[in-house]
Amino acid sequence: MQRVFSGIQPTGTPQLGNYLGAIRNWVALQQRYDCVFCLVDLHAITVSRTPAQLRGDTLTQAACLLASGIDPEKHILYNQSAVSAHTRLAWIFNCVTRLGWLNRMTQFKEKAGKDRENHSAGLYIYPSLMAADIHAFKATLVPVGDDQRQHLELANDIGEKFNHDYGVDFFPHIEGLIPAEAARVMSLRDGTKKMSKSDISAQSRIELTDSADEIRLKIRRAKTDSDAIPATIAELAERPEALNLLSIHAAIVGEKLENVVAHFSGQGFGHVKSALSDALIEKIVPIGDEARRLMNDEAYLVTVLRQGAEKARSIAEPIVDEAEKIVGFIR
Ligand code: AMP
Ligand code: TRP
């Protein structure tokens with residue numbers, strides 16, 4: 001059976017983009033595949049975090065994933081640093097990856113901005129660790145949002161170069177599973193920016209633990225324009241905020257964007273916002289309630305992660321042992 005692998009950084013509370021771009025699909029994939037879901041704490045320290053933040057965010061993240069429907073009994077949920085296979089393979093991949101490949105990564109350029117010299121080496125080689133995450137499990141299906149497309153291509157380049165350089169057929173080809181709707185949810189304050197857990201404005205995102213009142217207020221305040229909804233998607237091309245709200249609505253109610261646009265055509269944003277708030281509250285608030293309940297039971301969350309790490313080790317360690325033998329390390 002093909003294996004699914006995906007990861008999320010414990011850097012805050014999961015937001016609606018995480019949910020629609022990734023988590024919701026992870027939950028659905030559990031019906032058909034063996035799945036491994038990883039809280040990528042090694043990735044999280046590529047930018048500075050206090051120990052308390054990292055620990056707290058890792059537990060929050062675990063609670064939100066469980067509350068969303070991740071099943072830690074049938075599948076695997078754990079934190080990355082507990083499984084050393086990730087870093088062992090990442091080092092080998094650091095020596096396979098070419099600097100030119102890393103220099104092309106747009107996420108590094110966006111995160112480092114003009115202050116490139118002051119960022120960690122970890123942030124720069126982040127995509128090589130991500131490739132190791134996936135290949136350490138020989139996973140072939142990787143459900144992610146659109147922003148990870150380039151990293152997945154690189155993971156394939158790295159796997160192929162390893163196979164080529166060592167004359168083996170060891171790491172399989174990886175396929176990204178990127179949703180058709182809402183693969184890139186944008187900020188509620190700026191339709192040209194991605195919704196993100198780390199945006200300084202909490203108004204820019206819906207978090208999975210937001211109350212019904214917070215959701216309603218954030219949607220009411222979301223940036224829009226004063227024009228009515230047009231008849232077709234093409235007419236939304238220059239209206240990023242309008243397109244974003246309608247796309248979120250389509251994704252959350254499970255409709256095609258073109259049908260949602262046709263449905264609201266001719267109406268103002270008051271209608272869209274009120275329908276969207278109702279739909280979000282129905283889906284998100286029960287998840288938040290359950291996550292809060294789980295966050296009160298730290299011992300349970302830690303046990304889930306430890307048991308997950310044990311299962312993850314039993315899959316990843318033999319694969320990375322084998323990769324090390326291929327490289328020529330004496331064991
Ligand atoms: P991160 O929060 O960067 O660790 O992302 C975890 C997962 O959520 C990845 O699969 C991302 O592609 C996805 N994701 C993050 N932000 C968004 C967004 N604004 N829209 C859609 N997917 C997203
Ligand atoms: N880089 C991903 C993100 O920021 C998180 C991630 C780390 C990941 N390792 C992964 C996603 C492996 C999929 C597979 O969203």
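About 50 Å³ of space lies in the largest cavity of this predicted model, and a search of the whole structure finds one cavity of 30 Å³ or more. The largest pocket holds about 1,000 Å³ of space, and both ligand 1 and ligand 2 sit in it. The second largest pocket has a volume of about 280 Å³.

**The cavity**

- The lining of the largest cavity is made up of Gln 107, Phe 108, Lys 111, Leu 123, Tyr 124, Tyr 126, Pro 127 and His 151, and the elements that give two or more residues to this lining are helix 6 and helix 7.
- Helix 7 gives the most to the lining of the largest cavity, contributing four residues.
- Sorted by class, the residues that line the largest cavity are five nonpolar, two polar and one charged.

**The largest pocket**

- The space in the largest pocket comes to about 1,000 Å³, and of the 41 residues that line this pocket, Gln 9, Gln 107, Lys 111, Asp 147 and Lys 194 are the closest to its centre.
- Strand 1, helix 1 (16-29), helix 6 (106-112), helix 7 and strand 4 (141-143) each supply at least two residues of the lining of the largest pocket, and the largest share, six residues, comes from helix 1.
- The lining of the largest pocket divides into 17 nonpolar, 15 polar and nine charged residues.
- Gln 107 and Lys 111, which are among the residues closest to the centre of the largest pocket, are also among those that line the largest cavity.

**Ligand 1**

- Ligand 1 is surrounded by 19 residues, of which Gln 9, Gly 145, Asp 147, Val 185 and Lys 197 are the closest.
- Two nitrogen contacts of ligand 1 involve the protein backbone: a backbone N or O atom of Val 185 lies 2.8 Å from a nitrogen atom of the ligand, and a backbone N or O atom of Met 195 lies 2.9 Å from a nitrogen atom of the ligand.
- A side chain also takes part, with a polar side-chain atom of Asn 18 lying 3.0 Å from an oxygen atom of ligand 1.
- On its own, ligand 1 has 480 Å² of accessible area, and the protein covers 93% of that.
- The elements that give two or more residues to the shell around ligand 1 are strand 1 and helix 1, and helix 1 provides the largest share, four residues.
- By class, the shell around ligand 1 has seven nonpolar, eight polar and four charged residues.

**Ligand 2**

- Ligand 2 has 13 residues around it, and those that come nearest are Gln 9, Tyr 126, Met 130, Asp 133 and Gln 148.
- Side chains make polar contacts with nitrogen of ligand 2: an N or O atom in the side chain of Asp 133 is 2.6 Å from a nitrogen atom of the ligand, an N or O atom in the side chain of Tyr 126 is 2.7 Å from a nitrogen atom of the ligand, and an N or O atom in the side chain of Gln 148 is 3.1 Å from a nitrogen atom of the ligand.
- Taken alone, ligand 2 exposes 370 Å², of which the protein buries 91%.
- Strand 1 (3-8) and helix 7 (121-135) each supply at least two residues of the shell around ligand 2, and helix 7 gives the most, with four residues.
- The shell around ligand 2 consists of seven nonpolar residues, five polar residues and one charged residue.
- Gln 9 is listed among the nearest residues for ligand 2 and among the closest for ligand 1, while Tyr 126, besides its contact with ligand 2, belongs to the lining of the largest cavity.

**The second largest pocket**

- The residues that line the second largest pocket are Asp 41, Leu 54, Arg 55, Thr 58, Leu 59, Asn 79, Ala 82, Val 302, Leu 305, Arg 306, Ala 309 and Arg 313.
- Helix 3 (51-68) and helix 13 (298-327) each supply at least two residues of the lining of the second largest pocket, and helix 13 gives the most, with five residues.
- This lining has six nonpolar, two polar and four charged residues, with Asp 41, Arg 55, Arg 306 and Arg 313 all appearing in it.

Technical notes:
Residues numbered from 1 in each chain as written. Chains lettered and ligands numbered in written order. Predicted model: local features only at pLDDT ≥ 70, side-chain atom pairs only at ≥ 80, totals over all residues. Heavy atoms only, no water. Near = heavy atom within 4 Å. Polar contact = N/O pair within 3.5 Å; in protein donor to acceptor, adjacent residues only side chain to side chain. Areas by Shrake-Rupley, 256 points an atom, 1.4 Å probe, with all protein chains shown as cover. 1 Å grid on protein atoms, 1.4 Å probe; cavity = no way out; pocket = protein on both sides within 12 Å on 5 of 7 lines; lining within 4 Å. Sits in = over half its atoms within 2 Å of the grid points. Nonpolar A, V, L, I, M, F, W, Y, C, P; charged D, E, K, R; others polar. Points joined across faces, edges and corners; volume = space filled by probe spheres on them.
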